[in-house]
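The exercises below are meant to be worked through with the sequence and the model side by side. Try each task before reading its solution.

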Amino acid sequence: MAGAKNHDYHILPPSAWPLMGAVSAFFLAVGAVIWMHADQMGGSGPAVFGLGLAGVLATMYFWWTDVVKEARAGDHTPVVQLHLRYGMILFIASEVMFFVGWFWAFFDFSLFPSELDPINGLFPSKGVEVLNAFELPLLNTLILLCSGTTVTWAHHALIHGDREGLKKGLWATILLGLLFSSIQAYEYAHAPFPFGETPYSSAFYMATGFHGFHVIVGTIFLAVCLIRAYQGDFTPRQHFGFEAAAWYWHFVDVVWLFLFASIYVWGGWGAPVHGG
């Protein structure tokens, strides 16, 4: 029969969201540049940036809403789900390289400090206090490790058809994520060094701050999954949205372990401890 579907792929109808997303991202980037160079380019930066940000958020919402509708309509066949997983793997790989840049800068300044300070390099200068790695940072490490177990609990509950276990695991993970962000905000508010004072403080805030941003994004990701779970979405055979969120959360956990070991423990080794 002419026009009959004889393959497992889902052919998408024409969509405006890719074009809108590209245009919005352009306005977002240009607005940020104008904002950061207000002396030369005027004060329109915040308005242009806000317009671009609104467009990006709208694109994310409506585009992902279409993806959810496709899943509910049964368009996500096993082949389509496989390729969605490939896309998520590539996205996480790009995020890994993003953090590689921060780690590269940190270790480059630390191990080859001659251009900065032949004695101290990236490490805190003499007399500068650092945060005690085995107080709040260690507590946050334990919180994230626990959240990794709770999201795995939710995943296994879903696979075995236990929807109550899925909801409880997601609730626990989201609350642990919020607790982590709250502790990090408290830590920043009481840190003994400001951003940009030394190469160490710059690397500290950029690396841990961007990780904190990823924790917030992951928490929102899981919260959306929780809402969808209450709406009856996800089955043991089709739950890519939740699986992607779980992968992202495990990525956040692993990155934090490297941050804790390298920046908090090794980076502050031998320096005076704040409040110690």
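**Exercise 1.** Is Leu19 buried or exposed? Decide this, and then place the residue in its surroundings, keeping in mind that the model is predicted.

*Solution.* Begin with the accessibility: Leu19 has a relative accessible area of 61%, and because exposed means over 50%, the residue falls in that class. Next, locate the residue in the secondary structure, where Leu19 turns out to lie in helix H1. Finally, look at the surface around this position: Leu19, Val23, Phe26, Phe27, Val30 and Leu51 make a nonpolar surface patch of about 560 Å², to which helix H1 (residues 17–36) gives the most, with five residues.

**Exercise 2.** Determine how Pro18 should be classed by accessibility, and find its separation from Met60.

*Solution.* Pro18 also has its place in a helix, namely H1. Its relative accessibility is 40%, so Pro18 counts as partly exposed. Turning to the distance, the C-alpha atoms of Pro18 and Met60 are separated by 9.9 Å, although the two residues are 42 residues apart along the chain.

**Exercise 3.** Which residues touch the most other members of the largest nonpolar core, and which helices supply that core?

*Solution.* The core holds 48 residues, and within it Leu170, Phe204 and Phe242 touch the most other members. At least two residues of this core come from each of helix H4 (78–111), helix H5 (136–159), helix H6 (163–189), helix H7 (199–230) and helix H8 (240–266). The largest share, 16 residues, is that of H8. As a last step, take Leu170 and set aside its neighbours within four places in sequence: what remains in contact with Leu170 is Ala154, Leu222, Cys225, Leu226, Ala229 and Phe242.

**Exercise 4.** Work out whether Gln81 is buried or exposed, and list its contacts beyond the neighbours within four places in sequence.

*Solution.* Gln81 is found in helix H4. With a relative accessible area of 6%, Gln81 is buried, since the limit for that class is under 20%. Once neighbours within four places in sequence are left aside, the contacts of Gln81 are His76, Arg237, Gln238 and His239.

**Exercise 5.** Compare the record's transmembrane annotation with the model for residues 16–35 and residues 170–191.

*Solution.* The unreviewed UniProt entry lists several spans as "transmembrane region", including residues 16–35 and 170–191. In the model, residues 16–35 are 95% helix and 0% strand, with the end C-alpha atoms 28 Å apart. For residues 170–191, the corresponding values are 91% helix and 0% strand, and the end C-alpha atoms lie 31 Å apart.

How values were computed. Residues numbered from 1 in each chain as written. Predicted model: local features only at pLDDT ≥ 70, side-chain atom pairs only at ≥ 80, totals over all residues. Heavy atoms only, no water. Patch = residues over 30% accessible without salt bridge, like charges linked within 9 Å, V, L, I, M, F, W, Y side chains within 5 Å. Areas by Shrake-Rupley, 256 points an atom, 1.4 Å probe, with all protein chains shown as cover. Salt bridge = Lys/Arg side-chain N within 4 Å of Asp/Glu carboxyl O. Helix = DSSP H or I, 4+ residues; strand = E, 2+ residues; numbered from the N terminus. Buried < 20%, exposed > 50% of the residue type's maximum accessible area, 1.4 Å probe, protein only. Core = buried A, V, L, I, M, F, W, Y, C linked by side-chain atoms within 4.5 Å. Contact = heavy atoms within 4.5 Å. UniProt positions renumbered as here; feature names shortened; annotations may be inferred.
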